[in-house]
Amino acid sequence: MSVLMLRADGSCWPNPGAGSFGMVASRDGRVECRSRKDIGPSTNNVAEWRGAIAALDYALVNSRGAAVVLEMDSRLVVE
C-alpha cells in the first residue's frame with residue numbers, strides 16, 4: 001500500500017503577528033507538492049492549524065487510496 005506523507009508547519013512573528021504556514025506532500029519518497037502561504041495577522045496556533053488543514057485538503061483530493069500520515073511539531077494539533 002502506498003503512503004502519502006504530509007508534513008506541515010505554521011508560524012508567526014511576533015506572536016501574535018504576521019503568520020504563515022507551509023506543507024510538503026510526498027509519496028514513495030518523492031515530493032509531490034510544496035505549498036506555503038502568508039496569512040496576515042495571526043497567532044502561532046492559528047498558523048499551525050491552517051498548515052494542518054492545507055495538508056489534509058491536499059490529501060482529500062490527491063490520496064488516491066493511499067494511507068495518509070500527517071507529521072507536525074505542534075502538540076496542540078497533534079494531540
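**Figure 1. Close-up of R64 in the loop between α1 and β4.** In this predicted model, R64 is exposed because its relative accessible area of 62% lies over the 50% cut-off for that class. The residue belongs to the loop between α1 and β4, and R64 has a positive phi of about 45° although it is not a glycine. Most residues other than glycine have a negative phi, which is the background against which this view may be read.

**Figure 2. Close-up of D28 in the loop between β2 and β3.** The view is centred on D28, which is placed in the loop between β2 and β3, the latter strand covering 30-42. The phi of D28 is near 55°, a positive value in a residue other than glycine. Is D28 buried or exposed? With a relative accessible area of 62%, D28 is exposed, since the cut-off for this class is over 50%.

**Figure 3. Close-up of the cis peptide bonds at P14 and P16.** The peptide bond from W13 to P14 is cis, and its omega is near -15°, while the bond from N15 to P16 is also cis, with an omega near -5°. P14 has its place in the loop between β1 and β2, and P16 is found in the loop between β1 and β2 as well. Most peptide bonds are trans. The connection that holds these prolines is a hairpin, in which three residues join β1 to β2.

**Figure 4. Close-up of the pairing of β1 with β2 and β4.** Strand β1, made of residues 3-13, runs antiparallel to strand β2, made of residues 17-27, and ten bridges join the two. Within this pairing, G10 stands opposite F21 of β2. Which strand pairs with β1 in the parallel sense? That strand is β4, residues 67-71, and its parallel pairing with β1 extends over five bridges; as one example of a bridge partner, L4 is matched with V68 in β4. β1 therefore has an antiparallel pairing with β2 and a parallel pairing with β4, given that two strands count as paired if at least two bridges are found between them.

**Figure 5. Close-up of the nonpolar surface patch at W49, I53 and L76.** W49, I53 and L76 make a nonpolar surface patch of about 290 Å². W49 is located in helix α1, which spans residues 44-62. At 40% relative accessibility, W49 counts as partly exposed, because this value falls between the limit for buried residues, under 20%, and the limit for exposed ones, over 50%.

**Figure 6. The whole chain, as context for the close-up views.** The protein chain has two helices and four strands, and its elements follow the order β-β-β-α-β-α from the N terminus on. Along the principal axes, the C-alpha atoms fill a box of roughly 40 × 25 × 20 Å. The radius of gyration is 13 Å, which agrees with the value near 12 Å that a compact globule of 79 residues would have. Of the 79 residues, 38% count as buried, and the chain exposes about 5100 Å², of which carbon and sulfur atoms supply 55%. Among contacts with a separation of 6 or more, 57% are accounted for by residues 24 or more positions apart.

Conventions
Residues numbered from 1 in each chain as written. Predicted model: local features only at pLDDT ≥ 70, side-chain atom pairs only at ≥ 80, totals over all residues. Heavy atoms only, no water. Patch = residues over 30% accessible without salt bridge, like charges linked within 9 Å, V, L, I, M, F, W, Y side chains within 5 Å. Areas by Shrake-Rupley, 256 points an atom, 1.4 Å probe, with all protein chains shown as cover. Salt bridge = Lys/Arg side-chain N within 4 Å of Asp/Glu carboxyl O. Buried < 20%, exposed > 50% of the residue type's maximum accessible area, 1.4 Å probe, protein only. Rg over C-alpha atoms; globule rule 2.2 N^0.38 Å. Contact = heavy atoms within 4.5 Å.
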